[in-house]
Amino acid sequence: MPKSTRYKPKSKRQTVESVRTLIPREQIQRRIAEMAREIRRDFPLEPLHLVGVLKGSIFFLTDLARELSGDVSLDFIAVSSYGDRTHTSGEVKLTRDLDASIEGRTVIVVEDILDTGMTLQYLLRVFEQRKPRRIRVAVLLDKPERRIAKVRADYVGFKIPNEFVVGYGLDYAERYRNLADVGVLTLGARVKKT
């Protein structure tokens, strides 16, 4: 049975929040090991350049990189489309660019969640202009019900229902990233603190 944890932020007016476990950490780790094998099956000898989309992908990228054998390098890019809300604004903007060129490299874009697809569509356009040898996408979570853009991931950890998830790098207003499991966040009614 999924466990649920209540979180009560400290403020005068607080929202009662709860997180119900959707995917436990053990299941996440097993699937990441399988994804690493799938990637290496497709690219057995090639050096791989993993590009993590900050901040949500950090735990996924770290664990995936450790599972990959052979030559692996890392870089990061940051985009923003959520802010402090639970729904994407639809506007994607680059907030941190890559440190190194990806020209001629086999690039694996590592993303925490594929939701509307707007962020990934934007990133793929940016990356394709930079002439990588090959580009593939690995996502931990895929939420196909929300897809707007015509994009897909080459490697998918889990397909999930249309619920707002946190943990294992995913956040709500910069909180919950440190949870080891992926969980569904429920926001309750606002109550006045006495």
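Select Lys-55 to begin: this residue lies in the loop between β3 (48-54) and α2 (58-67). Helices here are DSSP runs of H or I with at least four residues and strands are runs of E with at least two, numbered from the N terminus. Now add Leu-54 and look at the bond between the pair: the peptide joining Leu-54 and Lys-55 is cis, with omega about 0 degrees. That's worth a pause, because most peptide bonds are trans.

A word on what you have open: it's a predicted model, where local features need pLDDT of at least 70 and side-chain atom pairs count only at pLDDT 80 or more, while totals for chains, interfaces and linings use all residues. Residues are numbered from 1 along each chain as its sequence is written, and side-chain values use heavy atoms, with hydrogens and water left out.

Next, go to Leu-64. Leaving aside neighbours within four places in sequence, Leu-64 is in contact (heavy atoms within 4.5 Å) with Ile-32, Met-35, Ala-36, Ile-39, Val-110 and Ala-138. Add Phe-60, Leu-140 and Leu-141, and you have the residues with the most contacts inside the largest nonpolar core, which has 28 residues. Such a core is a set of buried Ala, Val, Leu, Ile, Met, Phe, Trp, Tyr and Cys residues joined through side-chain atoms within 4.5 Å. Colour by element and you'll see that α1 (25-42), β3, α2, β6 (106-114), β7, β8 and β10 each give two or more residues. The top contributor is α1, with five. For a second, separate core of 22 residues, pick Val-107, Leu-123, Val-151 and Ala-153, which are among its members.

Now show β7 (residues 134-142) and β8 as a pair: they run parallel, over four bridges. Pairing takes at least two DSSP bridges between the strands. Zoom in on Val-139 and you'll find Val-156 of β8 opposite. How much of β8 (residues 155-159) is covered? Mostly: four of its five residues are buried, where buried means under 20% relative accessible area, exposed over 50% and partly exposed in between (1.4 Å probe, protein chains only).

Last, two backbone oddities. Most residues other than glycine have a negative phi. Select Lys-131, in the loop between α3 (118-128) and β7: its phi is positive, near 60 degrees. Lys-131 counts as exposed because its relative accessibility is 56%. Then jump to Ala-173, in the loop between β9 (165-166) and β10 (182-192). Here phi is about 50 degrees, again positive in a residue that is not a glycine. With 26% relative accessibility, Ala-173 counts as partly exposed.
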